[in-house]
Amino acid sequence: MALPPASAPARAATPIAPTADATGAAKIPSLAQVVEPSPGALLRRRIRGHWGLIIGGGVLLFIIAVALFAPWLAPHDPLDQDLTNRVVLPIWYDEGTWVHPLGTDQFGRDYLSRLIYGSRISLLIGFAAMLISLLIGTTLGVAAGYFGGRVDMAVNFIITTRLSLPVVLVALAVVSLIGNSLWIVICVLGLLLWDRFAVVMRSTTQQVRNLDYIAAAQATGCSTLRILLSEIMPNIANHLIVVATLEMAHAILLEAALSFLGLGVQPPAPSWGLMIAEAKGYMFFDPWLIGIPGTALFALVMAINLLGDGVRDVTAPEGRN
Amino acid sequence: MIGRFLRGLPVAAVALAVTAGAAWAGKSNDTLVWVTDREATIADPYYNNTRELVVIGQTAWDMLLFRDLDTGEFKPLLATSYEWIDNLTLEFELRDDVVFHNGKKFGADDVVYTINYVSNKDNGVLTFKNVSWMKSAEKLGDYKVRINLHKPFPAALAYLSNALAIMPAGHYDSAPKLADGTRNYGAIPPVGTGPYEIVEVKKGEAIVMKRNENYFKGGPKGTPAIGNLVFRTIKEMNTQIAELLTGGIDWMWDVPKDQAEKMQGQAQVVNAPTMRISYIQFDVNGKSGQDFFTKKKVREAFAHAVNRAAIAKHLVGGASVVAHSACHPVQFGCTQDVPQWKYDPELAKAKLAEAGYPDGFEFDLYAYRQREYTEAVIGDLAKVGMRANLKYMQYRALRDLVWKNQTPVNHMTWGSNSIPDVSAITSHFFSGGRDDFAKDPAVIKALETADNSTDPAERKRNYKEALARISGELYWLPMFTYAKYYVFSNELDFTPTPDEIPRFYTAKWK
Amino acid sequence: MLIFALKRLGIAILVAITVSMVTFSLIHLSGDPAMALAGESATQEDIENIRRVYGFDRPIVVQYGAWLGGVLTGDLGYSHYLATDVSTVIFDRLPTTMTLGACALLFALVLSIPLGVLAAMRPNTMIDRLALSIAVVGQALPSFWFALILIFWFGIVWRLLPITGTESWLNYVMPSVALGYYVTPGVMRLTRAGMLEVLSSDYIRTARAKGLRPMSVMFKHALRNAIIPVVSLAAVQFGFMLGGSIVIETIFAINGIGFLAWESIQRGDLAMMQAIVLVLACFYIMLTFLADMLNAFLDPRIRVG
């Protein structure tokens, strides 16, 4: 009875069952035949089979590569304006030209170059803002869920306060006071997006806290920090990943919304969110101006979500000890 | 409080159950729906400082005089004639056939009450500058009044015809007092003498006006043709466009050039000049901490680097022109016969190098309005090495910074409240006040002479001297005049005017 | 339960006060209220006069104290921009935003919970992939772009729906979809994730082994537990929607609280902003309170502690 080949997906693993040999007597499989593949091999197998993860990861890697190699890939300077060459149509229209394959924007700047350089800003914003909000929100949420009592009350207070403050007011005040550099926008986003982390981590931690193995760990005298890191965190990691991908996408999209209100990254920076917001006025007449960065943003957000889903799936409960 | 909330809830629920109503704009309803992106707040021209209320102020109210835009002369409106007794006293004879919207007859008492009320600082009129030049008013007869000024004020007639809406006597007395000492002026129904009367004010949503059937005949405003006017607020430009194209609204303005031009054919598109100008102000005394612009050569480089004509033509509109002096070309006293700076990027780079910045430098540029114009400026500057960080913010936040001298360069605009006189702009910015970064004694003196003289020739001479110095020293780089795109229904016969006060009372259906 | 509720109430009041103080400071920090009232072409003297007449020259603490005193006696203040009592305006517009938020949430829940359950029942099949695709697509567009796309097709090209205003229920369709779709994927995926975990857990296996009908297993046992994080998320999302309604209300010219808040922030209308934030704070507190109660009811483990 051969072991299933290594490349087959885990769930299609052929069950190992005793079979009869030529003599008709039952044949017990030997130990060597029963060993399962290692967790690492299992993981790799799962990854290869999960097309969502592969597509998402692939697109994200592609966008990261574009961001890294932007100076070599972009045909023009993304900030180079030419008021006599405004809103040149992209190549798929009759009037398009290969000098500007994706056309030019309302200032005559090459759209392809802006798109390429814009990947840097959108990726940076999404990732950095998500990290900040993850750190803040998870710390608060897990603390509230694990310790309960006063800590929970305090965290509830902080969360409700944060939720009651209008994002727009905070953004506007910050902009009026300090201005809008890229890092200010990132910090504002990070400081405003941690609430979901906190809320979800808190409720899942609460669910997990009362399970047996936590009590066991406490009984054996494990330090709180150790319990938090090695017992609680792995159990809520799934939810964390789901929320992290949601929030990264959220940060990228929120930057577009802030740009719509005039509070986001400042021009002439080619952030995709800002490009969309500035092209909004052309939507009915030159829809490609908003469609091109919109599609790029869409692809990025979709890739992040697929990746998140995929990671969650391949580290699913059945695979975890 | 709670009662009102519960009352509102069933209304919303009922609205959900009822099916869609028909559009209510257009010739068929004899209703002109006009839209801007700002809210209709209080329907009173003294306690509201938005452009919308300047427009409604002229539509529902009358002033003593009416400025004819073509000839520049002041025609009688509520007054039949005026006379300067001396340079501190004005006397008017009034019409005797005018009736307020509430039926009360108009007379000297109303003018006296209005002027005395609004010129009193303690009444907290928001557009105070428009009325602060008046000291008091006296009744000389049933249809004769005298106005006393604080000091000689040559622009008096311009302000009178623009901003002094006449209220019925006792109009504000019934406003309830509030806890903080001010009054609730919103509680008083608006009453005027104008061609349209305000019938409904939905705070923040709409102001509904109806034709005044008893409007006096033979005045310079003519006789109103359209039966109903509705002012609505739609913030998002795309939505305004969508509504215009589907017949939900009839008139809009401030449409960006690219979108306006695409609507040709489906609607009437007109680019008309306004009295607003765009300018760059330099921190010439270095108080902001970034002292690049204390050097004249750097300011000159800036002037040579920016292609103002291209911005005016491609971004603003056909009716926009490059401005060379710190005033609007149609204002009394304004002249373009001043030092002018050519667009020449190579010269800009050369002058920068001369000033000690061959590789350019980085600085902060502040702005608050039409970000795309400032973006274009930044783009031009970048080509010669001047790398600007855009600090785009709310007007009130920026004005605060300007007054604290914290802006090395700011790109701002000024509309002069549509007052057609240089004193409304140049004197504001160069008479040594908080908006004056230069504080040049020669300029201050010339302006003071011109502001207080009643001799037009002397005024023009002194204004020219001041303007020449301002442009020569580049305290300001005047940019261009604003032009607005008006887009309105094909059924409407309407002509925009350069003072940005649409005359709906002369509009009619085709 | 009572102690739980009282504790929450205490936090609530503290939150309301904190938020109002922060808002007050933020508005003052983001510009001069007197200058905002006086308008663009005001001179220095005008502004100082306004400052004096309208009481902006008092120390900030005094101004805040006056406002707080007013609130405690039921007076939310007066807006000098709209020239009416703040409470009149807010309570006129609040039902509109509430309706919009409720419709949006309803749209989201009706779409996403069944999708999430379906996806969890048939994990890694085409149905699962389809559900996930719907979720992912819906989440990846900026809301204002999506709203404008809806306006373009349903308003201009096909002329099926009215674009602005709130005259009838039809006016609420596009805004609700534009506002609610963003919440859909989050709820769907969380439902799916929760259901998947719960479905493979011991007590579900036990229930199945006991011979309970699959539907009963699904809804009475599995969904009840999986829904817990979803309840929290839905509460947070409703709150988010009240905030996110600014963009939607602006685009569809709906006169709700969101649009009012944006305009008030821009104008520096202190009294209005304070009141709006206070009212919204009360709503969030109520929402999280209800969510907590609901969670505690559904999962007794949470009640203890």
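These are my notebook entries on chain A and on the place where chain B touches chain A.

**Start.** I'm working with a predicted model, so I keep that in mind throughout.

**Chain A overall.** I counted up the secondary structure and got 13 helices and two strands in chain A. Next I looked up burial: 49% of the 321 residues of chain A count as buried. Then I checked how far apart in sequence the contact partners sit. Taking contacts in chain A between residues at least 6 apart, I found that 70% join residues at least 24 apart.

**Helix α11 of chain A.** I picked out α11, which covers residues 224–260 and has 37 residues. How far apart are its end C-alpha atoms? I got only 45 Å, while a straight helix would reach 54 Å at 1.5 Å a residue. So I went looking for a bend, and there's a kink of about 55 degrees at Met233(A) in α11(A). The proline Pro234(A) comes shortly after that kink. I also looked just past the helix: Gly262(A) follows α11(A), and its phi is positive, near 85 degrees.

**Where the chains touch.** I listed the contact residues and got 24 from chain B and 20 from chain A. Which elements of chain B give two or more residues to its side of the contact? My list reads α5 (237–245), α6 (257–262), α8 (308–316), α10 (371–384) and β14 (386–392). The largest share comes from α10(B), with seven residues. Last, I sorted chain B's side by residue type: 12 are nonpolar, six are polar and six are charged.

Conventions:
Residues numbered from 1 in each chain as written. Chains lettered and ligands numbered in written order. Predicted model: local features only at pLDDT ≥ 70, side-chain atom pairs only at ≥ 80, totals over all residues. Helix = DSSP H or I, 4+ residues; strand = E, 2+ residues; numbered from the N terminus. Expected span 1.5 Å × (residues − 1). Bend = angle between axes of the 7 residues up to and from the residue. Contact = placed C-beta atoms within 7 Å. Nonpolar A, V, L, I, M, F, W, Y, C, P; charged D, E, K, R; others polar. Buried ≥ 20, exposed ≤ 12 C-beta atoms within 10 Å, placed from the backbone.
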